[in-house]
Amino acid sequence: GHCRLLCKPSALAQHLVRSLGRSAALRGGRWPWPRWPQLQMLWQLLQAPEPEPVVARELLQLSDAGLVALDWLVGPWGAAGGGGGVSSPVLLLIPNAAGKVTGGLLQLGLRALERGFIPVIFNRRGHNGCPLTTPRLQPFGDPGDLREAVTYLRCRHPSASLLAVSEGSGSGLLLAYLGESGSSSRLAAAACLSPIFRGRDWFEAGMPWLYEWPLLLHLKQGLSRYVGALAEVVDTDRLLGSRSLRELEETLFCRTRSRPTSWESYWERNEPLRDADEAAVPVLCLCSADDPVRGPPGHSLPRELFRSSPFFFLLLTPHGGHCGFPRRGPGRCWAHEAVLEYFRAMAEFLRTEERRKGMPRPR
């Protein structure tokens, strides 16, 4: 299907090439207008998932009394997990950095539910209706809250494999978590759909207005609910008057009343790939060369990382837009099928390695 896998040669890479090569997701049934990335992106954003998912929300209190929300997809069938057992793999879904849970992300959760996964959406503080109990939001690449959520999921499902997949700019959070946690991430595998690898460059370059303005309005609408609480720490007039995502990000996290910092210092602590060399979990990054949001592939794709690290795999396709990857027929997004096939291949490879080495599976 004209896709290329860029990675460091290894036994795992060979197994992944064979598995994805057999996958029907990468062959045929493509979008009839492949050279319109903006249309592909809009088509995926505006399409409602079918069938409409049923979600059960759980609020998780963090160590500083803040709250994040975990939305468990229980399907249109009303039974939690869609039949998944206690050892079914848990799939953690991470929305974009604006907290927008797109129809595509919900569709991926439903496809995973049908295949026996237990999907759950991670909502940051103040995002997607999650109450903001502290005057603090989560910076772009600060994985502290995600780490506590992963610890909770591991305690709740101690015998299950824990997997994670992120969408768009939400990948900055997942990549930062994998780098900071290293071999202690508690994840078996991860995947990123149309990830943003270089956060600072992305904010400074800006995006097409078709994508930036809806996200900016979505963020402002959510923040307007907490103007009273946020007034203690930021200039709320400047915040709600921001004319770009960069201005909003800088107002929220750099120009604070208590601990102001520079834009440069902020990104030293929040670049998604700042600790990428420490990552010890296989990560599939599915990217399109014509992504209008990430930017030109020559500048925005860290190809050297995929050539040098045995844990990073880049599946690059010529067309697909940003989190689009549309196709005809059921599922509508071939990237979802590729990600689920990747997780299946990873589980198969790990089982084979355990049998070959005679090692017991870690509890």
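**Exercise 1. Find out where the second largest pocket sits in this predicted model, and what lines it.**

Start with the space itself: the second largest pocket has a volume of about 470 Å³. Next, look at the walls. The lining has 17 residues, and the closest to the pocket's centre are Arg 136, Pro 139, Phe 253, Thr 256 and Arg 259.

Now sort the lining by class: 9 residues are nonpolar, 4 are polar and 4 are charged.

Then go through the helices. α10 (245–253) and α11 (263–270) each supply at least two lining residues. The largest share, 3 residues, comes from α11.

Last step: check the domains. Domain 1 (4–25 + 35–80 + 87–197 + 271–355) and domain 2 (199–270) both give residues to the lining, so the second largest pocket lies between them.

**Exercise 2. Work out what kind of ring pair Phe 140 and Trp 267 make, and which parts of the chain the pair ties together.**

A search of the whole structure turns up 14 aromatic pairs. For Phe 140 and Trp 267, take the distance and then the angle: the ring centres are 5.5 Å apart and the planes stand at 65°. Planes over 60 degrees apart count as edge-to-face, so that's what this pair is.

Now place the two residues. Phe 140 is in the loop between β5 (118–123) and α4 (144–156), while Trp 267 is in helix α11, so the pair ties together parts that are 127 residues apart in sequence. Both Phe 140 and Trp 267 are buried.

Finally, widen the view: ring pairs link Phe 140 and Trp 267 into a cluster with Trp 202, Phe 203, Phe 253, Trp 263 and Tyr 266. You've already met Phe 253 by the centre of the second largest pocket.

**Exercise 3. Do the same for Phe 325 and Trp 334: which kind of pair is it, and are the two residues buried or exposed?**

Distance and angle again: the ring centres lie 5.4 Å apart with the planes at 75°, so the pair is edge-to-face. For burial, the cut-off is under 20% relative accessible area. Phe 325 comes in at 1%, so Phe 325 is buried. Trp 334 has 2%, so Trp 334 is buried too.

**Exercise 4. Decide whether Cys 3 and Cys 7 count as buried or partly exposed, and say how many disulfides a search finds.**

Keep the 20% cut-off handy. Cys 3 has 23% relative accessibility, so Cys 3 counts as partly exposed. Cys 7, at 19%, counts as buried.

As for disulfides, recall that such a link is a covalent bond between the sulfur atoms of two cysteines. Searching the whole structure gives 0 disulfides.

Notes
Residues numbered from 1 in each chain as written. Predicted model: local features only at pLDDT ≥ 70, side-chain atom pairs only at ≥ 80, totals over all residues. Heavy atoms only, no water. 1 Å grid on protein atoms, 1.4 Å probe; cavity = no way out; pocket = protein on both sides within 12 Å on 5 of 7 lines; lining within 4 Å. Points joined across faces, edges and corners; volume = space filled by probe spheres on them. Helix = DSSP H or I, 4+ residues; strand = E, 2+ residues; numbered from the N terminus. Nonpolar A, V, L, I, M, F, W, Y, C, P; charged D, E, K, R; others polar. Domains from an automatic or database assignment. Disulfide = S-S within 2.5 Å. Buried < 20%, exposed > 50% of the residue type's maximum accessible area, 1.4 Å probe, protein only. Phe/Tyr/Trp six-rings, centres within 6.5 Å; stacked < 30°, edge-to-face > 60°.
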